[in-house]
There are 2 protein chains.
Amino acid sequence: MREVAAEAGVSLRLVQYYFHTKEELLSGVLGHLGERIGRRVQDAVAALTEPVAPAAYLRAMLGALIPHDEDGRQVMLAYTAHFTLTLSQPHLAPEGLAQAEALRGSVAGRFQQARDSGHLAAAGDPETLAATALALVTGLQLSVLANQHPAAHATSLLNAHLDHLFAPSA
Amino acid sequence: MREVAAEAGVSLRLVQYYFHTKEELLSGVLGHLGERIGRRVQDAVAALTEPVAPAAYLRAMLGALIPHDEDGRQVMLAYTAHFTLTLSQPHLAPEGLAQAEALRGSVAGRFQQARDSGHLAAAGDPETLAATALALVTGLQLSVLANQHPAAHATSLLNAHLDHLFAPSA
DNA sequence: CTTTTGATGAGTCATCTGTATCATAAAAAT
DNA sequence: ATTTTTATGATACAGATGACTCATCAAAAG
């Protein structure tokens with residue numbers, strides 16, 4: 001609590017004013033991070049030029065989850081830390097997972113759309129493709145945070161995966 | 001330190017005897033977890049019946065990283081927690097990453113072998129395929145630990161990904 | 001103008017925590 | 001038989017930490 005207050009340039013008393021306990025603070029942070037990540041994804045999608053092909057949409061959405069700038073790195077690092085904490089403290093999870101669930105649905109919807117419009121060449125139902133793509137992004141995220149790959153490399157791995165789904169004959 | 005001693009049914013003094021500081025304890029645990037995970041992978045590979053097709057080998061190796069029993073869950077959960085810690089305390093990493101690097105090389109080698117023997121249908125160099133597959137497994141691992149998917153489902157997602165690389169025409 | 005809300009300061013309390021010290025004793029190695 | 005290794009017990013201590021209280025004050029809302 002003291003450390004958070006100091007880092008924020010604020011009195012300890014104020015932190016206690018808004019977050020009565022440390023648990024409330026942690027849940028609050030997890031929710032806040034979820035929102036920031038959601039906004040980053042929305043911004044990336046909004047930056048697309050019309051018309052939006054399903055493949056490009058998915059590239060933008062999923063690519064936004066890979067930390068390619070300092071802000072993204074900080075957000076993703078903090079989110080990863082809090083997410084890992086929820087693995088042993090499940091009662092801290094509620095709000096954060098809602099965001100993740102919404103994202104999963106959105107990705108699955110895009111895959112469904114791609115299938116309907118005949119752009120998708122790969123087998124497997126949209127739910128499966130979405131779950132796989134999201135797991136891949138999670139792993140790539142971590143590899144970037146751990147400095148195993150630069151962000152650009154991780155993005156190209158993600159794009160290669162998507163390209164393979166949309167045009168496997170190449 | 002006290003909590004570790006109590007959990008191990010051992011005196012605090014003994015923990016201090018083998019690990020002079022908390023940092024040493026954490027590094028030691030990280031190394032120990034790396035070994036246990038490596039052994040689990042080796043065991044899974046050793047259980048294969050000859051002759052070993054490249055695809056089956058990769059399925060075994062990578063599948064062993066998905067926690068499908070209680071022991072696996074504990075090991076992977078502890079490893080994930082320590083790995084996440086190294087993201088903000090990089091000096092705790094040295095030994096743990098060596099194991100991961102060895103695994104990456106091994107997976108890449110198998111992909112190379114599959115390509116050479118004509119079993120691999122997908123494009124992309126072995127290094128890329130290995131990095132992608134490992135990132136996917138990391139993400140699936142986390143999804144299982146977070147109870148987003150049962151282990152069997154994660155394994156089937158992994159197998160679907162590998163099948164797609166080995167037989168994309170289906 | 002008065003009340004509510006947002007913000008700070010100073011300090012207390014009990015507990016947790018990493019580290020350290022000294023004495024001791026069984027067990028294993030030499 | 002003696003030395004070294006492995007293990008425990010009992011504290012001690014300084015610093016960190018979460019939670020709480022009381023007093024105070026500026027700003028915004030009513």
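1. Two residues are in contact if their C-beta atoms, placed from the backbone, lie within 7 Å. By that criterion, 28 residues of chain A are in contact with 29 residues of chain B. This is a predicted model, in which local features need pLDDT of at least 70 and side-chain atom pairs count only at pLDDT 80 or more, while totals for chains, interfaces and linings use all residues. Residues are numbered from 1 along each chain as its sequence is written, and chains are lettered from A and ligands numbered from 1 in the order in which they are written.

2. On the side of chain A that touches chain B, at least two residues each come from helix 5 (70-88), helix 7 (126-145) and helix 8 (151-166) of chain A, where helices (H or I, at least four residues) and strands (E, at least two) are DSSP runs numbered from the N terminus. Helix 7 of chain A gives the most to this side, with 12 residues. Sorted by class, the side of chain A that touches chain B has 17 nonpolar, 11 polar and no charged residues; here Ala, Val, Leu, Ile, Met, Phe, Trp, Tyr, Cys and Pro count as nonpolar, Asp, Glu, Lys and Arg as charged, and the others, Gly among them, as polar.

3. How are the two copies related? A turn of 180° and a shift of 0.0 Å along the axis lay chain A on chain B with an RMSD of 0.1 Å, the copies being superposed by least squares on the C-alpha atoms of residues with pLDDT of at least 70 in both. The two copies are thus related as by a two-fold rotation axis. Of the interface residues of chain A, 100% are also interface residues in chain B, so the copies meet through the same surface.

4. Turning to the DNA, 14 residues surround strand C, and the closest are S11(A), R13(A), L14(A), T21(B) and K22(B); a residue is near a molecule or strand if its C-beta atom, placed from the backbone, lies within 6 Å of it. Two or more residues of this surface come from each of helix 2 (12-18) of chain A, helix 1 (2-8) of chain B and helix 2 (12-18) of chain B. The surface near DNA strand C has 5 nonpolar, 4 polar and 5 charged residues.

5. Around DNA strand D the residues include R2(A), K22(A), S11(B) and Y17(B). Helix 1 (2-8) and helix 2 of chain A, together with helix 2 of chain B, give two or more residues to this surface, and helix 2 of chain B supplies the largest share, 3 residues. The surface near DNA strand D divides into 4 nonpolar, 3 polar and 5 charged residues.

6. Within chain B, helix 3 (residues 22-46) and helix 4 (residues 54-63) pack at an angle of about 150°, with their axes 8 Å apart; axes are lines fitted to C-alpha atoms, for helices over the stretch in contact, and angles run from 0 to 180 degrees between N-to-C directions. That makes helix 3 of chain B roughly antiparallel to helix 4 of chain B, on a scale where angles under 35 degrees count as roughly parallel, over 145 as roughly antiparallel, 65 to 115 as roughly perpendicular and the rest as oblique. In this contact, V41(B), A44(B) and V45(B) of helix 3 meet Y57(B), A60(B), M61(B) and G63(B) of helix 4.
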